[in-house]
Amino acid sequence: MALPNVTVFDDADAVAAAMAERIVALSHAGGRATIALSGGSTPQRLYRLLATPAMAARVDWPRLHLFWGDERFVAPDSADSGTLMVEEALVRHVPIPAENVHRVATGLGSPEAAAADYAARLRAHYGADALDPGRPLFDLVLLGMGDDGHTASLFPGKLAVEERAAWVTGVPEAGMAPWVPRVTLTFPALASSREVAFLVTGASKAAMLRRIAAGEDFPAGRVTSQGRVGWWLDRAAAGA
Ligand code: 6PG
C-alpha cells in the first residue's frame, strides 16, 4: 500500500502557501464552507499566513465556519490549548464573524461532557442527527500526524480509535505530551468530508510515514473520507 494523493512541496512554507490558496478558493466556492482545523506546530504556519493582510484580504471570511478536529481539555488560556493557538495565529486578526468560530467548550465538567456538547453543536450546524453519505459534514478537514502515528487525538491503542457511532468523543488519557485529556472527532466524523488534508512536515515524520505507507496499522493511516484523503508533505517528511 502507498499513501494516497501525495504531494511533495519543497518545505513547510510551501505546504502552508498551497493550503492557504486552497482555503481562499474554498471561501469563494459558493455557500458556506465548513473546515475542521488541526492543532500542532505544522498548521500554525498556515494560520499565520492566512492572517497576513495580503492573504486575509483574499478570503471571504463570513462564508467560513471553523471547527476543531480535536482539543486538549485545558483552560482556554492555557499554553497547551489548540484553540488559543489558532486564535492568536489567525482568528484575532481576520474579519470572521464570532458565530462562525465553533470552539470546544473545555470549561464543561469532563471531556465526555465537552464531547457531547460539541457533537450537539456539530449536529445543529449540519442540520441533522445522522450523517448522510451524500452530504459531507466538512468541506475540508486539516489533520497532522504525530511521530507515533496518531492524528487529531486518536492515539494508537486508545479506545477513541474504536468509536464507530459518536461524532466526537472524550479521550481520558493522551498517548503523548501534553499529558492532558482530549476531545476529538472520531473516524466516522472525519470521514464525512469532501477532503481530508494531512499536513506533515519535518524529517522526524519520515519514518512513521514510511511505516503507514507500507501498510502498518496506525490511526493516521485509518482515516478515510467520502471525498479525498490527501497527504501534503515537505521534502524532509517525504524522505526526499
Ligand atoms: C494537536 C493535534 C495533533 C497534531 C499532531 C502533529 O493538537 O497536537 O491534535 O494531532 O496534529 O501531533 O503535530 P505537529 O504538527 O506539531 O507535528
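A polar contact is a pair of N or O atoms within 3.5 Å; within protein, one atom must be able to donate a hydrogen and the other to accept it, and residues adjacent in sequence count only if both atoms are side-chain atoms. The model is predicted, so that local features need pLDDT of at least 70 and side-chain atom pairs count only at pLDDT 80 or more, while totals for chains, interfaces and linings use all residues. Residues are numbered from 1 along each chain as its sequence is written, and side-chain values use heavy atoms, with hydrogens and water left out.

**Exercise 1. Describe the surroundings of the ligand and its polar contacts.**

Step 1. Counting a residue as near when one of its heavy atoms lies within 4 Å, one finds 14 residues around the ligand, the closest being Ser 41, Thr 42, Asp 70, Ala 152 and Lys 205.

Step 2. With Ala, Val, Leu, Ile, Met, Phe, Trp, Tyr, Cys and Pro taken as nonpolar, Asp, Glu, Lys and Arg as charged, and the others, Gly among them, as polar, this shell divides into two nonpolar, nine polar and three charged residues.

Step 3. Oxygen atoms of the ligand take part in contacts with side chains and with backbone: one lies 2.7 Å from a polar backbone atom of Ala 152, one is 2.5 Å from a side-chain N or O atom of Asp 70, and a polar side-chain atom of Lys 205 is 2.5 Å from a ligand oxygen.

Step 4. By the Shrake-Rupley method with a 1.4 Å probe, the ligand taken alone exposes 410 Å², of which the protein buries 87%.

**Exercise 2. Characterise the pocket that the ligand occupies.**

Step 1. On a 1 Å grid over the protein atoms alone, a pocket is an open set of points with protein on both sides within 12 Å along at least five of seven lines, a cavity is a set where a 1.4 Å probe fits but cannot get out, and lining residues have an atom within 4 Å of a point.

Step 2. The ligand takes up the space of the largest pocket, whose volume is about 490 Å³.

Step 3. Its lining comprises 33 residues, with Gly 39, Gly 40, Ser 41, Arg 72 and His 150 nearest the centre; two or more lining residues come from each of helix H2 (42-51), strand E4 (70-72), helix H4 (82-89) and strand E5 (140-143).

Step 4. E4 contributes the most, with three residues, and the lining as a whole holds twelve nonpolar, 14 polar and seven charged residues.

**Exercise 3. Locate the enclosed space and state its lining.**

Step 1. The structure holds one cavity of 30 Å³ or more, and the largest cavity has a volume of about 50 Å³.

Step 2. Its lining consists of Ile 23, Ile 35, Leu 37, Leu 50, Trp 61, Leu 64, Leu 66, Leu 90 and Leu 142, while strands E2 (33-37) and E3 (64-68) are the elements giving two or more residues.

Step 3. The classes number nine nonpolar, no polar and no charged.

Note on methods:
Sits in = over half its atoms within 2 Å of the grid points. Points joined across faces, edges and corners; volume = space filled by probe spheres on them. Helix = DSSP H or I, 4+ residues; strand = E, 2+ residues; numbered from the N terminus.
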